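Work through the exercises below with the sequence and the 3D view side by side. Try each task before reading its solution.

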Amino acid sequence: MYKSILLGVDTQLKNDKALAEISKLAGEDTVVRILNTIGQQDVQASVKSGVNLETLKQKRHNGLEKTRQTLDEYGIKYEEEIVRGNAKEELVKRANSGEFEIVVLSNRKADNRQKFVLGSVSHKVAKRARIPVLIVK
């Protein structure tokens, strides 16, 4: 059982399967850090539409409600962190901080052309993290 799990969450993806896997990895003392990253494009778009960063963070917090509820149902303790930055960089930075034992991610279904040109968050994290990474389809 892992004591400290980093869960990268995109509010646009369903995380049910990743959360089910976390329930198998978690023990009584496990704490899951839910990490959601607000990218530069989202920040710029929200500023242009008159929405400030704190309001955007609150919307993301609201979007994580189902994730928090599911962890509550599993009886797993969690912390939530919503940060501004690049998702790949923020996940790798935290994964390599020594604070976590494993990273759990849902895999976004990008078409092959996009993956080749842009890369995917899960691929970059798996490649650069120094701890185990579980990518859930």
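**Exercise 1. Place Glu90 in its surroundings.**

Solution.
1. Start with the side chain. Those of Glu90 and Arg94 are joined by a polar contact of 2.6 Å. The model is a predicted one.
2. Find the element. Glu90 sits in helix α5, which covers residues 87-95.
3. Decide: buried or exposed? The cut-off for buried is under 20% relative accessible area. Glu90 has 11% relative accessibility, so Glu90 counts as buried.
4. List the partners, skipping neighbours within four places in sequence. Glu90 touches Leu35, Thr37, Val83, Arg84 and Gly85.

**Exercise 2. Do the same for Ile131.**

Solution.
1. Find the position. Ile131 is in the loop that links α7 (121-128) to β5 (133-136).
2. Apply the burial cut-off of under 20%. The relative accessible area of Ile131 is 18%, so Ile131 is buried.
3. Look along the chain. Ala95 is 36 residues away from Ile131, yet their C-alpha atoms are 6.7 Å apart.
4. Collect the contacts beyond four places in sequence. Ile131 meets Ala95, Asn96, Phe100, Glu101, Ile102 and Val103.

**Exercise 3. Describe the whole protein.**

Solution.
1. Count the elements. The protein has seven helices and five strands.
2. Read their order from the N terminus: β-α-β-α-α-α-β-α-β-α-α-β.
3. Check burial. Of the 137 residues, 37% are buried.
4. Check contact range. Take contacts between residues at least 6 apart in sequence: 78% of them join residues at least 24 apart.
5. Turn to the surface. About 8300 Å² is exposed, and carbon and sulfur atoms supply 48% of that area.

Notes. Residues are numbered from 1 along each chain as its sequence is written. This is a predicted model: local features need pLDDT of at least 70, side-chain atom pairs count only at pLDDT 80 or more; totals for chains, interfaces and linings use all residues. Side-chain values use heavy atoms; hydrogens and water are left out. Helices (H or I, at least four residues) and strands (E, at least two) are DSSP runs, numbered from the N terminus. Buried means under 20% relative accessible area, exposed over 50%, partly exposed in between (1.4 Å probe, protein chains only). A polar contact is a pair of N or O atoms within 3.5 Å; within protein, one must be able to donate a hydrogen and the other to accept it, and residues adjacent in sequence count only if both atoms are side-chain atoms. Contact means heavy atoms within 4.5 Å. Accessible areas come from the Shrake-Rupley method with a 1.4 Å probe; for residues, only the protein chains shown count as cover.
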